[in-house]
Amino acid sequence: MSDMNKILHKWSASLKKGTDFDSWGQLVEAIDEYQILARQLQKEAQSPANSSDFTEDQKKTIGKIATCLGLRSAALQYTQSQEGFTLEDVKKLEPILSSIVTFNKEFPFDVQPVPLRRILAPGEEENLEVDEEEEDGGAGIGSPDLFPARVPGAIQGTLLPRLPSEPGMTLLTIKIEKIGLKDAGQCIDPYITVSVKDLNGIDLTPVQDTPMATRKEDTYVHFNVEIEIQKHVEKLTKGAAIFFEFKHYKPKKRFTSTKCFAFMEMDEIKPGQTVIELYKKPTDFKRKKLQLLTKKPLYLHLLQTLLKD
């Protein structure tokens with residue numbers, strides 16, 4: 001089996017896994033599988049010509065499939081809605097993906113590949129950026145609406161529904177109210193990535209992105225959005241932490257960058273208002289080398305709700 005056939009086989013298996021979860025009503029697992037595959041497809045669709053085995057037309061089709069998976073993920077997060085991209089729509093993608101090399105028909109959905117935007121791994125931007133203060137001085141020019149959406153479903157985010165309750169188990173909902181930043185009003189397309197990591201920085205739950213911020217003012221970016229942590233509190237491993245990475249788009253560099261991060265450890269899980277400190281990038285999931293972002297009284301403001309059956 002050639003390398004290309006191996007890739008197509010892997011993608012097709014992932015798509016089948018996602019549609020199976022979808023048809024069984026396992027929404028969390030389906031969303032996770034769709035988003036993982038969408039990221040893989042998007043990466044291939046945006047790869048340089050000299051590093052890809054696919055033609056430009058094939059990559060365009062791959063990018064459209066990634067967009068469709070993002071639309072289905074968004075539809076599953078709003079289960080009360082009867083509109084949006086359906087499971088039957090996704091199943092129409094299966095024969096296209098498996099035969100991408102020979103596919104020469106019109107794509108069945110009126111979608112476009114996601115515009116090229118680099119979403120960097122934590123720390124990668126350190127090699128590319130000048131000083132944050134120096135570069136962000138003119139970032140407020142123009143409207144965020146001038147720039148295309150960063151990922152499929154960017155406006156809605158990639159939030160997951162609340163887990164089913166279990167006897168004796170505690171569910172945690174975290175409302176992200178606002179984050180304090182000295183240049184809050186200049187941040188373009190700001191959102192927060194929420195993840196739960198163990199001491200080694202390994203994900204314990206699916207990663208979630210908030211929708212883009214609802215409002216910005218002098219020193220605050222407001223979100224007012226609830227995150228459902230995808231594991232019962234009692235099942236989180238010792239030493240785990242919940243991370244919040246604040247990200248924004250940099251039009252000059254054409255990529256989405258992590259500006260700062262915060263985290264909450266297990267002993268900080270308690271109902272009510274919580275205010276946590278902000279740290280300089282790159283995100284340190286192992287919590288070994290932490291540097292405060294600023295000496296000013298600027299923090300991430302959260303509201304925790306614990307629900308025990």
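Let me open with a small puzzle: is Thr170 buried or exposed? Thr170 is buried, at a relative accessible area of 10%. Please keep in mind that we are looking at a predicted model today.

Let's stay with that residue for a moment. Thr170 sits in strand S2. If we set aside the neighbours within four places in sequence, the contacts of Thr170 are with His232, Val233, Glu234, Leu306, Leu307 and Lys308. There is also a spacing to look at here: Thr170 and Lys231 are 61 residues apart along the chain, yet their C-alpha atoms are separated by 8.9 Å.

Now the overall picture. The protein chain has 309 residues, and 50% of them count as buried. Its secondary structure comes to six helices and eleven strands. If you take the contacts with a separation of 6 or more, 73% of them are between residues 24 or more positions apart.

Next, the helix pair at the start of the numbering. Helix H1 covers residues 3-24 and helix H2 covers residues 27-45. Their axes come within 8 Å and cross at roughly 155 degrees. Anything over 145 degrees counts as roughly antiparallel, so that is the label for H1 and H2. As for handedness, H1 passes H2 in a left-handed crossing. On the H1 side, the contact includes Lys10, Trp11, Ser14, Leu15 and Phe21. From H2, the residues taking part include Ala30, Glu33, Tyr34, Leu37 and Leu41. Sorted by class, this contact has seven nonpolar, four polar and six charged residues.

On to the cysteines. How many disulfides does a search of the whole structure find? Zero. Take Cys187 as an example: the closest cysteine sulfur, in Cys260, is 8.4 Å from the sulfur of Cys187. A disulfide needs the two sulfur atoms within 2.5 Å, so this pair is too far for a bond. Cys187 is buried as well, with a relative accessible area of 2%. Cys68 is another buried cysteine, and its relative accessible area is 0%.

If you have the structure open, do go to the loop between strand S2, residues 170-180, and strand S3, residues 188-197. Gln186 lies in that loop. With 29% relative accessibility, Gln186 counts as partly exposed. Gln186 and Val221 are 35 residues apart in sequence, and from C-alpha to C-alpha they are 9.8 Å apart.

A few backbone details before I finish. Which residues have a positive phi although they are not glycines? Asp189 has one, at about 50 degrees, and Asn224 has one too, at about 50 degrees. Asp189 is found in strand S3, while Asn224 is in strand S6, residues 220-228. Their surroundings are worth a look: Asp189 is buried, with a relative accessible area of 6%, whereas Asn224 is partly exposed, at 44% relative accessibility.

And one last stop, at a proline. Lys281 and Pro282 are joined by a cis peptide bond, with omega about 0 degrees. Pro282 lies in the loop between strand S10, residues 279-280, and strand S11, residues 300-308.

That's my tour, and thanks for listening!

Definitions and conventions:
Residues are numbered from 1 along each chain as its sequence is written. This is a predicted model: local features need pLDDT of at least 70, side-chain atom pairs count only at pLDDT 80 or more; totals for chains, interfaces and linings use all residues. Side-chain values use heavy atoms; hydrogens and water are left out. Buried means under 20% relative accessible area, exposed over 50%, partly exposed in between (1.4 Å probe, protein chains only). Axes are lines fitted to C-alpha atoms, for helices over the stretch in contact, and angles run from 0 to 180 degrees between N-to-C directions. Helices (H or I, at least four residues) and strands (E, at least two) are DSSP runs, numbered from the N terminus. Angles under 35 degrees count as roughly parallel, over 145 as roughly antiparallel, 65 to 115 as roughly perpendicular and the rest as oblique. A crossing is left-handed if the near helix is turned anticlockwise from the far one by less than a right angle, and right-handed if clockwise. Contact means heavy atoms within 4.5 Å. Ala, Val, Leu, Ile, Met, Phe, Trp, Tyr, Cys and Pro count as nonpolar, Asp, Glu, Lys and Arg as charged, and the others, Gly among them, as polar.
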